[in-house]
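Work through the following exercises with the sequence and the structure side by side, and try each task before reading its solution.

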Amino acid sequence: MQSRYPLLKKWTAQDHERLKALAEAGRRPEDIAHELNRSEAAVRVRAWQHGIALRLVTQKRKA
């Protein structure tokens, strides 16, 4: 049976553990996405689904 979403890259146990380690180290979601070769949205969704807290990044406004 063919996958319904053939372009989706499956998460391996190793990818998941790497996501957890990087998140615990305080890495930014876009940095984690780059390191795992995934989109930032994919990283955020996976983290949300598994209760992994990601670093919140806020930017200061210029006066």
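**Exercise 1.** In this predicted model, find what the buried residues of H1 pack against, and then work out how these residues are placed around the helix axis.

*Solution.* Begin with the packing: the buried residues of H1 lie against H2 and H3. Next, list these residues, which are Asp15, His16, Leu19, Leu22 and Ala23. They are on the same side of H1, because they cover an arc of only 130° around the axis. In general, an α-helix has 3.6 residues a turn, so residues three or four places apart point the same way. Finally, turn to the other side of H1, where Ala13, Gln14 and Glu24 are exposed.

**Exercise 2.** Determine which elements give two or more residues to the largest nonpolar core.

*Solution.* First collect the members of the largest nonpolar core, which has 10 residues: Leu19, Leu22, Ala23, Ile32, Ala33, Leu36, Val43, Ala47, Ile52 and Leu54. Then assign them to elements, and you find that helix H1 (13–24), H2 and H3 each give two or more residues to this core. As a general rule, nonpolar side chains in soluble globular proteins tend to be buried together.

**Exercise 3.** Locate Asn37 and decide whether it is buried or exposed, and then examine its phi.

*Solution.* Asn37 sits in the loop between helix H2 (29–36) and helix H3 (40–49). Since exposed means over 50% relative accessible area, Asn37 counts as exposed, because its relative accessible area is 62%. Its phi is positive, about 60°, although Asn37 is not a glycine. Most residues other than glycine have a negative phi.

Terms used:
Residues are numbered from 1 along each chain as its sequence is written. This is a predicted model: local features need pLDDT of at least 70, side-chain atom pairs count only at pLDDT 80 or more; totals for chains, interfaces and linings use all residues. Side-chain values use heavy atoms; hydrogens and water are left out. Helices (H or I, at least four residues) and strands (E, at least two) are DSSP runs, numbered from the N terminus. Buried means under 20% relative accessible area, exposed over 50%, partly exposed in between (1.4 Å probe, protein chains only). A nonpolar core is a set of buried Ala, Val, Leu, Ile, Met, Phe, Trp, Tyr and Cys residues joined through side-chain atoms within 4.5 Å. The arc is that of the directions from the helix axis to the C-beta atoms. Contact means heavy atoms within 4.5 Å.
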